[in-house]
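Visitor: I am new to this structure and would like to go through it step by step. Could you show it to me, please?

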Amino acid sequence: MAEAEREARLTGWVRTYSDALLRLCFLQLRDYALCEDALQETFIKAWRAMPKYEHGGIQNDRAWLCRIALNVCHDIQRSRWMRHVDAARALESLPPALFAVEPEDRTLLLDVMNLPEKFREVILLYHYQRLSMRDIAQVLHIDVSTVHARLKKAEGLLKQVLTEEVDGHE
């Protein structure tokens with residue numbers, strides 16, 4: 001593929017997927033500055049991996065980019081800094097245009113951010129990125145049945161937490 005075609009493809013990806021990937025990175029990292037860094041790193045890695053993409057028969061651009069973004073987030077999460085990020089304060093640091101969150105949705109978003117990673121990822125990819133279970137399985141390198149089980153478990157955990165929050169406020 002010619003350099004101009006690669007640049008055009010990358011530009012299209014940036015235009016089409018930046019906001020969704022930025023949200024995904026934020027919900028993983030809980031820090032706006034880090035999620036911006038992760039987004040940039042995602043597109044740099046996508047640029048470098050484009051020859052593999054072209055010959056690998058990738059079916060879903062969004063799923064492929066989500067996989068890269070999650071891998072970048074995992075690299076960042078391994079750092080000591082990530083152990084000290086407060087999800088509630090992080091949510092307040094976002095520009096309103098990026099995450100216009102209604103007060104009732106804010107609680108759900110914070111609860112999703114506090115799920116264990118393997119459950120948070122399937123919730124984010126399924127409900128926020130709208131990927132199919134097959135695409136999620138490819139992104140996470142797990143079986144479709146595992147995606148289904150994790151999604152049901154994550155939804156059950158969220159239901160339990162939300163029920164406790166409602167019962168606690170009555």
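Visitor: Is Leu22 buried or exposed?
Guide: Leu22 counts as buried, because its relative accessibility is 8%, under the 20% cut-off for that class. Please bear in mind that this is a predicted model.

Visitor: Where does Leu22 lie?
Guide: Leu22 belongs to helix α1, which covers residues 3-29.

Visitor: And how far is Leu22 from Gln40 in space?
Guide: The C-alpha atoms of Leu22 and Gln40 are 9.4 Å apart, while 18 residues separate the two in sequence.

Visitor: Let us step back. How many helices and strands does the protein have?
Guide: The protein has eight helices and zero strands. Read from the N terminus, the order is therefore α-α-α-α-α-α-α-α.

Visitor: What share of the residues is buried?
Guide: Of the 170 residues in the protein, 42% count as buried. The area that the protein exposes is about 9700 Å², and carbon and sulfur atoms supply 50% of that area.

Visitor: What about contacts across the sequence?
Guide: Taking contacts between residues at least 6 apart in sequence, 69% join residues at least 24 apart. One residue with contacts of this kind to look at is Leu131, which touches Asn60; Leu131 and Asn60 are 71 residues apart in sequence, with their C-alpha atoms 9.2 Å apart.

Visitor: Where is Leu131, then?
Guide: Leu131 sits in the loop between α6 and α7. At 3% relative accessibility, Leu131 counts as buried.

Visitor: Which other residues is Leu131 in contact with?
Guide: Setting aside neighbours within four places in sequence, the contacts of Leu131 include Arg62, Ala63, Cys66, Leu125, Tyr126, Ile136 and Val139.

Visitor: How do α3 and α7 cross?
Guide: The axes of helix α3 (residues 61-77) and helix α7 (residues 133-140) come within 9 Å and cross at roughly 40°. The crossing of α3 and α7 is right-handed.

Visitor: Which residues make that contact?
Guide: From α3 they are Ala63, Cys66, Arg67 and Leu70, and from α7 they are Asp135, Gln138, Val139 and Leu140. Sorted by class, the contact of α3 with α7 has five nonpolar, one polar and two charged residues.

Visitor: A new topic: how many disulfides does the structure hold?
Guide: The structure holds zero disulfides.

Visitor: Why is Cys35 not bonded to Cys25?
Guide: The closest cysteine sulfur to that of Cys35 is in Cys25, and at 6.5 Å it is too far for a bond. Cys35 is buried, with a relative accessible area of 0%.

Visitor: And what about Cys73?
Guide: Cys73 is in no disulfide either; its nearest cysteine sulfur, that of Cys25, is 3.7 Å away. A disulfide here requires sulfur atoms within 2.5 Å. Cys73 is buried, with a relative accessible area of 0%.

Visitor: One last topic, the backbone. What is the phi of Arg130?
Guide: Arg130 has a positive phi of about 60°, although it is not a glycine. Arg130 lies in the loop between α6 (117-128) and α7, and Arg130 counts as exposed because its relative accessibility is 70%.

Visitor: What is the phi of His141?
Guide: His141 has a positive phi of about 60° and is not a glycine. His141 is found in the loop between α7 and α8 (144-168).

Visitor: Is His141 buried or exposed?
Guide: His141 counts as exposed, with a relative accessibility of 59%.

Methods. Residues are numbered from 1 along each chain as its sequence is written. This is a predicted model: local features need pLDDT of at least 70, side-chain atom pairs count only at pLDDT 80 or more; totals for chains, interfaces and linings use all residues. Side-chain values use heavy atoms; hydrogens and water are left out. Helices (H or I, at least four residues) and strands (E, at least two) are DSSP runs, numbered from the N terminus. Buried means under 20% relative accessible area, exposed over 50%, partly exposed in between (1.4 Å probe, protein chains only). Contact means heavy atoms within 4.5 Å. Accessible areas come from the Shrake-Rupley method with a 1.4 Å probe; for residues, only the protein chains shown count as cover. Axes are lines fitted to C-alpha atoms, for helices over the stretch in contact, and angles run from 0 to 180 degrees between N-to-C directions. A crossing is left-handed if the near helix is turned anticlockwise from the far one by less than a right angle, and right-handed if clockwise. Ala, Val, Leu, Ile, Met, Phe, Trp, Tyr, Cys and Pro count as nonpolar, Asp, Glu, Lys and Arg as charged, and the others, Gly among them, as polar.
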